[in-house]
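Here are a few exercises to work through with the structure open in your viewer. Try each task before reading its solution.

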Amino acid sequence: MSEPPLSPDELRARYGPHLAYEPPGGWRGPSRAPVDRLVKTHCCFCGQQCGIQLKVQHDKVVGFEPWEEFPFNRGMLCPKGVRRYLQGSHPDRLLAPLLRAPSGFREATWDEAMSLTARRIREIQERHGKDAVAVYGGASLTTEKAYLMGKLARVAIGTRHIDYNGRLCMVSAGTAYKLAFGVDRSPNPWSDIPRAEVVMVLGANIGECAPITTDYIWRCRDAGGKLIVADPRMTPITRNADLYLPVRPGTDAALLMGMLHVVLRDGLEDRAFIDAHTVGFDAVAASVAAYDPARTAEITGVPPDAIEKAARWFAEAERAIAMHARGIEHHSKGVENCLAVINLALATGQIGREGAGCMMITGQGNGQGGREHGQKCDQLPGQRSISDPAAREHVARVWGVQPNDIPGAGYSAVEIMEAIHRGEIKALVSACFNPVVSLPDAEFTRQALSKLEFFAVVDFFLSETAHHADVVLAGSLQEEDEGVTCSAEGRVIHIQEAVPPPGSARREWQIICDLAARLGHAEKFSYQAPRDIFDELREASRGGIADYAGITYERIDRELGVFWPCPSETHPGTPRLFEGGRFFHADGKARFVAVVDRPGGDPVSDEFPIYLTTGRVVSQYLSGTQTRRIGPLVDQYPEPRVEIHPRLAAEHGIADGDWVDVTTRRATMTARAQVVRTIRPDTVFIPYHWAGARSVNRLTHRTIDPRSKIPEYKVSAARVARAAGPPAWAPPEPPIRRLPVVPDGNGAGAAGGRRT
Amino acid sequence: MSGLAFFVDPSRCIGCRSCENACAECETHRGVPMIHVDSIDRAQSIATTPMVCMHCENPTCAQVCPADAIKQNDEGVVQTSLKPRCIACSNCVLACPFGVPKMLVAFEQMMKCDMCYDRTSAGKRPMCATVCPSQALAFVDPDVIASERRDVPTNVFRFGAQEVRTKVFMMLPPDADGLVVDVVDYMWEAR
């Protein structure tokens, strides 16, 4: 049984999250002395992977210095990047393996923890079969570690069930891009953004979730470009939008099909491009015939003239870019939404050129690199399909196994949790994943974890998921190991080991190799350093889609990153894909894929008439395992709040700062209202970074996209009501400043910086 | 860093508070930011704005200081109060037309932005303008601003009869106008 050995409060008291505010030794302490070295590396958080220099003193990270030479961010950092160094030397840090004990967890030796882990995996597999053990990986692992997670699962453990938390992030876009283009990567480097005449941002809270991208978009506008933003909320990037489309949650595909309808109706498509470089156009043209602006407006809530204007701006521009993120991807039709973007870009020929393209914005740190080389349930290294015999043969040769020894495709992340819940999967080895916070329907996840016969977690802090573990293997922070990651723009970059792991904590690749050896595969996991793993990974990727064969640590350092595909050491890398209209399918052509709009998995009803949508805030990152321990970031946004329009608030007698109950078909959550005009009145928003009663994922549902298997975080049917009182977790003092109640009505106090 | 100037463009600000967090890393006031970001009116709008010391040519804060504790350096940077002189009277806090100086009781003196003297004197850019992800705060060559920005810089401000000239420039939209900011006004069913 994997019920936590102590109550959540008892575990929190011992393992945090506690808040760190000062560098080791304090603001006035030894951290003021000259530093030993500045280490040029990258931020550990989002997919932007900004360059940063870490200040190191006596093998501790004590601060940061901007790295202005790194071309992507040129010294710029968001508050998470500025404060990230406070996670080093943190009091909550796990310094040794932990074993479940009657009174909580106790520290153990590595030999004790690893031999127990190997023994339990073997026992469960002998009793229930190889696939009774599943593996979870994460997109914050370096590419070397992600690659090894895949090899561990398929070679040493021998299970087909390995997936990763990128399943909650990039898979809708990745699936759509593979279908349409034959490759899963943003086609354009970020330097293309200022070159566009029109940038259309679809479901992407760029200012908070990809902050550095803001400057690229502002530069585009300064050069005369126009900005279109489609979102149910006005997020910070909207403040300078030239056209804002207040799309109703779950209707993105309809909006994009309406735009394509206008393009085709007015003859604005690029016939020459369509004829020369694509197939399947006619079916897509037929699929949008019914989406005239009036009908599209009824579905989406976006006025017909705004739909027409957006379509014309995008199609008539010499160079236009459509950027999208989880807002259109976290849906049971997330793949269709992305395909609808692609169809629009292909029909207008806005792709494969400087300043023209459709761009996914990868959200997780190594979200791109972490999905390319083998911890995805259906892929082998190099973005190869696990069901492709040639791919299996190539990878089997690199791994020194027979092709038939490599298991087939397994379950995706949500499916693994469901298989655990129904008893099919009995054991789980998880690294860098906090599903109890990040998966939808958190109560279901909690129940599932409690049913595990054995649960091993690799992490550097005791996450809420690790509360359920039998064994916790103390891993390393990003700055405690070397390796590569791949940023959102497809740039492979070099993460440096600034400091060694503290205490007896280990680098994840060492933990993986130890486990593989104890499972009888020492000779296939005999690496001395990350470089050895990278060199093997290069071979495994050679000839694949994500070809890293020509990338070396030295080249990355010299060239400040190398864009894949890079098949040889003399190849310059590929910052921009599809130039000259050449796509990755065998015939070189892109695929139009017709989209059928359909209802989501949790439709609104009389009982649940409001759309609940979820997302992130700028000062927190994903499940908060790291950022909920960094004091200044917590102070900036301490608790989840419910964003609600004054019109909806007035219907329920809710004032700003009131406690509000938000109820879905799964659960009720109580949080304070933030009454703002910057959200649709039929929609409420709650960020998802917290655990337990503060977790909005107790409210979300487990419907997944049938192809990408991404959960539908962006639309749950809900109702709201003024709460009877504060929830049990409410702090004694109000965590937020109460703002004055806003009267409804137009025109009062217009304070937007938006210009027409 | 001669030749570079400080530009503030509130319309670029995304409210991320990276500047506040980075400012707190300064060697001279560790842990305490001297810059602040305000929501204009969060209930009505997402608009936010950063506020740094504008470094007036003839600083009001220094004029009203009874202890002569506020000095300008040769580059025109108005500095934090001189600790031995500051009597913590808060005259400067009340008089500054931009609302910049802070009386920090724990430090028993007025402290304010000194444009990262520790950094600029060592050839680095101020911390806030280096990290700002939207470049609402920019420390760059004025020619770059002139050639790359749509907006225009000014450093002359009128507060009633008082005209203030500043070392820091504020970007102004050439065609600014008021605007209603409510999602409802953009929605089809609201028409």
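Two strands pair if DSSP finds at least two bridges between them. Keep in mind that this is a predicted model.

**Exercise 1. Find the residue of chain A that stands opposite A:Ala427, then describe the surroundings of strand β16 of chain A.**

Solution.
- Step 1: Locate the bridge partner. A:Val133 is the residue opposite A:Ala427 of β16(A).
- Step 2: Place that pair in its strands. β6 of chain A, residues 133–137, runs parallel to β16(A), with 4 bridges between them.
- Step 3: Look for another pairing. β16(A) is also joined by 5 bridges to β17 of chain A (residues 454–459), again in the parallel sense. Here A:Ser430 has A:Val457 as its partner in β17(A).
- Step 4: Check burial. Of the 5 residues in β16 (427–431) of chain A, 5 are buried. One face carries A:Ala427, A:Val429 and A:Ala431, while the other carries A:Leu428 and A:Ser430, and both faces are covered.

**Exercise 2. Is A:Gln368 buried or exposed, and what does its side chain meet in a polar contact?**

Solution.
- Step 1: Find the residue. A:Gln368 sits in the loop that links β13 (357–360) and β14 (379–380) of chain A.
- Step 2: Apply the cut-off. Buried means under 20% relative accessible area. A:Gln368 has a relative accessible area of 0%, so this residue is buried.
- Step 3: Identify the polar partner. The side chains of A:Gln368 and A:Glu372 make a polar contact of 2.8 Å.
- Step 4: List contacts farther along the chain. Beyond four places in sequence, A:Gln368 touches several residues, including A:Asp184, A:Arg185, A:Cys486 and A:Trp564.

**Exercise 3. Describe the interface between chain B and chain A: how many residues of each chain are in contact?**

Solution.
- Step 1: Count residues. Chain B contributes 54 and chain A contributes 75.
- Step 2: Take the area. The size of an interface is often given as the accessible area lost when the parts come together. Between chain B and chain A, about 5,600 Å² is buried, with 52% coming from carbon and sulfur atoms. On the chain B side, B:Arg30, B:Arg150 and B:Trp188 lose the most area, together 13% of what that side buries.
- Step 3: Add the charged and polar links. The two chains share 10 salt bridges. One of them pairs A:Glu65 with B:Arg119, whose closest N and O atoms are 2.5 Å apart. There are also 30 residue pairs in polar contact between the chains.
- Step 4: Sort the chain B side by class. The residues touching chain A comprise 24 nonpolar, 10 polar and 20 charged ones.

Conventions. Residues numbered from 1 in each chain as written. Chains lettered and ligands numbered in written order. Predicted model: local features only at pLDDT ≥ 70, side-chain atom pairs only at ≥ 80, totals over all residues. Heavy atoms only, no water. Contact = heavy atoms within 4.5 Å. Buried area = accessible area lost by both parts, 1.4 Å probe. Salt bridge = Lys/Arg side-chain N within 4 Å of Asp/Glu carboxyl O. Polar contact = N/O pair within 3.5 Å; in protein donor to acceptor, adjacent residues only side chain to side chain. Nonpolar A, V, L, I, M, F, W, Y, C, P; charged D, E, K, R; others polar. Helix = DSSP H or I, 4+ residues; strand = E, 2+ residues; numbered from the N terminus. Buried < 20%, exposed > 50% of the residue type's maximum accessible area, 1.4 Å probe, protein only.
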